[in-house]
Amino acid sequence: MEDLLQVGVITQTHGIKGEVKVFPTTDDVRRFKKLKETILDTGKEKITLEIESVKFFKQFVILKFKGIDNINDVEKYRQKNLYVTRANAVRLRRDEYFIADLIDIEVYEENDKLLGVLKNVIETGANDVYEIEMTDGREVLIPAIKECILSVDVEDRKMVVHLLDGLLD
């Protein structure tokens with residue numbers, strides 16, 4: 001399992017006092033209000049940054065990091081990812097999973113036949129859709145609903161699914 005979970009991407013600077021505009025990659029954008037620190041991946045190293053203030057603007061989050069008070073100090077972090085540790089991650093409810101934990105999990109049919117590997121999670125308005133790369137190289141999209149997803153074992157990296165009629169046609 002991943003130790004770090006992505007919560008956003010710095011898109012650009014905001015103003016001249018070191019604030020950044022962040023595109024959130026988390027379901028719960030309000031989580032930033034409770035977050036005390038985040039981890040910035042510069043591509044060369046990971047830096048822990050303390051969050052000084054949080055504002056919301058349209059679909060973005062405006063973050064100010066402690067000790068970064070100038071646009072020039074933050075400009076180099078454009079297009080860089082922000083992460084949190086699992087300890088700082090949001091609590092999941094029953095039958096909820098982090099996308100990072102589902103990627104590359106083996107997917108089995110209910111008869112215990114290996115169907116393939118989950119390669120992507122497509123977030124739609126109603127429910128997520130799991131993109132499965134089948135063992136024969138084809139691709140199948142399975143809705144993440146109770147009727148299709150019978151069990152998920154993140155620890156053992158195994159998902160069991162029921163294929164509704166027509167999914168493989």
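The following exchange is about a predicted model of one chain.

Reader: What makes Gln79 count as exposed?

Author: Its relative accessibility is 55%. The cut-off for exposed is over 50%, so Gln79 counts as exposed. Gln79 lies in the loop between helix 2 (71-74) and strand 6 (81-85).

Reader: What is noted about the phi of Gln79, and which other residue has a phi described in that way?

Author: Gln79 has a phi near 65°, a positive value in a residue other than glycine. Asp112 has a positive phi too, near 70°. Asp112 sits in the loop between strand 7 (106-109) and strand 8 (114-123).

Reader: Why are such values worth listing?

Author: Because most residues other than glycine have a negative phi.

Reader: How do you know that Lys21 has no salt bridge?

Author: A salt bridge needs a side-chain nitrogen of Lys or Arg within 4 Å of a carboxyl oxygen of Asp or Glu. The nearest side chain of opposite charge to Lys21 is Glu19, 10 Å away. That does not meet the cut-off of 4 Å, so Lys21 has no salt bridge.

Reader: Where is Lys21, and is this residue buried or exposed?

Author: Lys21 belongs to strand 2 (residues 19-24) and is buried. Leaving aside neighbours within four places in sequence, its contacts include Val9, Ile10, Phe57, Phe60 and Ile62.

Reader: How many helices and strands does the chain have, and what share of its residues is buried?

Author: The chain has 3 helices and 12 strands. Of its 169 residues, 38% are buried, that is, under 20% relative accessible area.

Key: Residues numbered from 1 in each chain as written. Predicted model: local features only at pLDDT ≥ 70, side-chain atom pairs only at ≥ 80, totals over all residues. Heavy atoms only, no water. Helix = DSSP H or I, 4+ residues; strand = E, 2+ residues; numbered from the N terminus. Buried < 20%, exposed > 50% of the residue type's maximum accessible area, 1.4 Å probe, protein only. Lys, Arg positive; Asp, Glu negative; His and termini not counted. Contact = heavy atoms within 4.5 Å.
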